[in-house]
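Work through the exercises below with the model open. Try each task before reading its solution.

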Amino acid sequence: MAHTKALKAAKGNKDSIAKRLGVKYFGGQEVKSGYVIVRQRGTKVRPGSNTYMGKDYTIHAQTDGKVKFYIRKSKLYVAVE
């Protein structure tokens with residue numbers, strides 16, 4: 001009877017694939033146009049100057065430059081300067 005219990009325990013023993021979210025380039029780092037700066041779910045970080053947000057909330061660089069994070073009205077923004 002021990003083998004039947006092990007079958008049921010293994011059935012629910014599955015894990016999802018990690019989505020690799022987070023900040024890819026930090027403040028002061030050089031980026032080129034089109035680089036992914038932040039991958040996220042929802043707007044934890046908002047796009048600032050020279051950045052744009054994709055439909056899955058990923059923030060990309062619009063131009064070459066250095067990444068800069070800043071807070072305005074208690075919200076976190078990222079820009080490329």
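**Exercise 1: The core**

In this predicted model, the largest nonpolar core has 9 residues: Val31, Ile37, Val38, Val45, Ile59, Ala61, Val67, Val78 and Val80. Find which elements give two or more residues to this core. Then list what Val45 touches beyond four places in sequence.

Solution.
- Step 1. Match the core residues to the strands. Those giving two or more are β3 (36–39), β6 (59–61) and β8 (75–80).
- Step 2. Turn to Val45, a member of the core. Leave out residues up to four places away in sequence; Val45 then touches Val38, Gln40, Met53, Ile59, Phe69, Leu76, Tyr77 and Val78.
- Step 3. Set this against a general trend. In soluble globular proteins, nonpolar side chains tend to be buried together.

**Exercise 2: The open sheet**

Give the strand order of the open sheet and the sense of its pairing. Which are the edge strands?

Solution.
- Step 1. The sheet has 4 strands, ordered β1-β3-β6-β5, and the pairing is antiparallel.
- Step 2. An edge strand pairs on one side only; here these are β1 (22–23) and β5 (51–53).
- Step 3. Look at the β1 edge. β1 pairs with β3 in the antiparallel sense, over 2 bridges. Gly22 faces Arg39 of β3 across this pairing.

**Exercise 3: Lys24**

Place Lys24 in the fold. Is Lys24 buried, partly exposed or exposed? Describe its surroundings.

Solution.
- Step 1. Lys24 sits in the loop between β1 and β2 (30–31).
- Step 2. Its relative accessible area is 35%. The partly exposed class runs between 20% and 50%, so Lys24 is partly exposed.
- Step 3. Beyond neighbours within four places in sequence, Lys24 contacts Gln29, Val36, Ile37 and Arg39.
- Step 4. Compare sequence with space. Lys24 and Val38 are 14 residues apart in sequence, yet their C-alpha atoms are 5.7 Å apart.
- Step 5. Check the side chain. A polar atom of the Lys24 side chain lies 2.7 Å from the backbone oxygen of Arg20.

**Exercise 4: The salt bridge**

How many salt bridges does a search of the whole structure find? Identify the side chains that meet and what they tie together.

Solution.
- Step 1. The search finds 1 salt bridge.
- Step 2. The side chains are those of Lys68 and Glu81, at 3.7 Å from N to O.
- Step 3. Lys68 is in strand β7 (residues 65–72) and Glu81 in the segment after β8, so the pair ties together parts 13 residues apart in sequence.
- Step 4. Check accessibility. Lys68 is partly exposed at 36%, whereas Glu81 is exposed at 55%.

Conventions
Residues numbered from 1 in each chain as written. Predicted model: local features only at pLDDT ≥ 70, side-chain atom pairs only at ≥ 80, totals over all residues. Heavy atoms only, no water. Core = buried A, V, L, I, M, F, W, Y, C linked by side-chain atoms within 4.5 Å. Buried < 20%, exposed > 50% of the residue type's maximum accessible area, 1.4 Å probe, protein only. Contact = heavy atoms within 4.5 Å. Pairing = 2+ DSSP bridges. Polar contact = N/O pair within 3.5 Å; in protein donor to acceptor, adjacent residues only side chain to side chain. Salt bridge = Lys/Arg side-chain N within 4 Å of Asp/Glu carboxyl O.
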